[in-house]
Amino acid sequence: LHMPGLSGIDTAVKLKKIPFQKPILAITADINPNMLLDMANGNLFDDVILKPFSPQALASRILDKIVR
């Protein structure tokens with residue numbers, strides 16, 4: 001979620017205003033429970049993937065969102 005320029009949250013907000021029709025997944029090492037709850041309640045992201053993760057877990061989560 002911490003990116004140069006725009007944050008991941010700011011990017012998701014801009015995409016939702018388009019409206020962007022594809023799933024938005026956040027990948028973060030930030031495990032602040034309040035932030036994760038805010039992201040879930042705001043419907044900004046379709047999934048939040050916490051670091052570290054295995055390549056198989058990442059692929060599985062992506063496939064789960066694009067198959068729907």
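Residues are termed buried under 20% relative accessible area, exposed over 50% and partly exposed in between (1.4 Å probe, protein chains only). The structure is a predicted model, in which local features need pLDDT of at least 70 and side-chain atom pairs count only at pLDDT 80 or more, whereas totals for chains, interfaces and linings use all residues. Residues are numbered from 1 along each chain as its sequence is written, and side-chain values use heavy atoms, with hydrogens and water left out.

The chain contains 3 helices and 2 strands (DSSP runs numbered from the N terminus: H or I of at least four residues for helices, E of at least two for strands). Their order from the N terminus is α-β-α-β-α. Of the 68 residues in the chain, 19% are buried. Contacts (heavy atoms within 4.5 Å) between residues at least 6 apart in sequence join residues at least 24 apart in 41% of cases.

Ser 54 is located in the loop connecting β2 (47–50) with α3 (55–67). With a relative accessible area of 31%, Ser 54 is partly exposed. A polar atom of the Ser 54 side chain is placed 3.0 Å from the backbone nitrogen of Ala 57.

Helix α3 also holds Leu 63, which is partly exposed at 49% relative accessibility. Leu 63 joins Ile 62, Ile 66 and Val 67 in a nonpolar surface patch of about 390 Å². The exposed area of the chain is about 4,900 Å², of which carbon and sulfur atoms supply 61%; accessible areas come from the Shrake-Rupley method with a 1.4 Å probe, and for residues only the protein chains shown count as cover. Patches comprise residues with over 30% relative accessible area and no salt bridge, with nonpolar side chains (Val, Leu, Ile, Met, Phe, Trp, Tyr) joined within 5 Å and like charges within 9 Å; a salt bridge is a side-chain nitrogen of Lys or Arg within 4 Å of a carboxyl oxygen of Asp or Glu.

Terms used:
A polar contact is a pair of N or O atoms within 3.5 Å; within protein, one must be able to donate a hydrogen and the other to accept it, and residues adjacent in sequence count only if both atoms are side-chain atoms.
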